[in-house]
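This briefing covers a pocket and the strands around one part of the sheet. The sequence and model come first, followed by the points to look for.

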Amino acid sequence: MRNQRTSSVQQFRWSRVHGALHVGQVLCATTSQRDAPVRVFFKKQDDLSGSCGILAVGTALSILGVVKASAFENAPRRKYGVVSEIWQTLGDTYFTGITVVDLYERLGSLDLPVKLACALGKPAEVNAAVIRWLSAGGLAIIAYENTRNHFKHFVIGVGVGGVQAGRTQTVDSILTIDSGAPEPMLSAYNGVMQRGTSLPYQRDTTHRQQQLKAHQWQYQTAHCDGVEIVELIGAIRIERQKL
């Protein structure tokens, strides 16, 4: 007869991030053009701009090796090349912001070595698309809306996390790079969207008592107090085209 200890199902948490990412004092990635990891473009968004969309594009393209971090940091002053074309197409949105559809269409108009796909509709449908893309090892530019003040923001989904119980694996977290938070250090991400059993402990009982709907996420970023309740309103998958 098996005892209770041997018959119980063991559980453990797991996480998975994009395979190109390397952790260190600054975020780096391995690209097909370089043998050693190179620095990923990251710029913290200021409080007065709506630049999260174009900053997310720069970070995603540098992870994929399409642009260099040093080039994108000087995008407004570039006169030729891929970065110049990206700025000419998206630069007017730096202060005003941009919608998911508009960003998808503008990216599609550029001659970039990437493949794009867009997810829109109900939050549950966007959730499913994002989890599918990230679980397959991809990147996603994600737009979310804060349910309390309807603040909208772009982040980059770089991985997922969850629970393994026996042979059953459940995704309950989306790992993000967020331009609204400090650059990741010794980590491949600086933000986590969580739901279900992974919901974090909160010193603020107001957040603990608030019930999430099935499609909603609790979102928190590094070095920032508090938790947002958010819904995903759209996402763009972006991946490097195979030669």
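How many bridges join strand 10 to strand 11? There are 3 bridges, and the two strands run antiparallel. The model is predicted: local features need pLDDT of at least 70, side-chain atom pairs count only at pLDDT 80 or more, and totals for chains, interfaces and linings use all residues. Residues are numbered from 1 along each chain as its sequence is written, and side-chain values use heavy atoms, without hydrogens and water.

**Strand pairing**
- Strands (E, at least two residues) and helices (H or I, at least four) are DSSP runs numbered from the N terminus, and two strands pair if DSSP finds at least two bridges between them.
- Strand 5 (residues 114-119) pairs with strand 11 in the antiparallel sense over 6 bridges, with L116 opposite I238.
- Strand 6 is also antiparallel to strand 11, over 8 bridges, and I238 is the bridge partner of L139.
- Y219 has E228 in strand 11 as its bridge partner.
- The hairpin of strand 10 and strand 11 has 6 residues between the strands, and H223 there takes a positive phi near 65°.

**Largest pocket**
- A pocket is an open set of points on a 1 Å grid over the protein atoms alone, where a 1.4 Å probe fits, with protein on both sides within 12 Å along at least five of seven lines.
- The largest pocket has a volume (the space filled by probe spheres set on the points, which are joined across faces, edges and corners) of about 570 Å³.
- Its lining (residues with an atom within 4 Å of a point) counts 31 residues, with Q45, Y144, F151, K152 and H153 nearest the centre.
- Elements that each supply at least two lining residues include helix 2 (52-63), strand 6 (139-146) and strand 11 (228-240).
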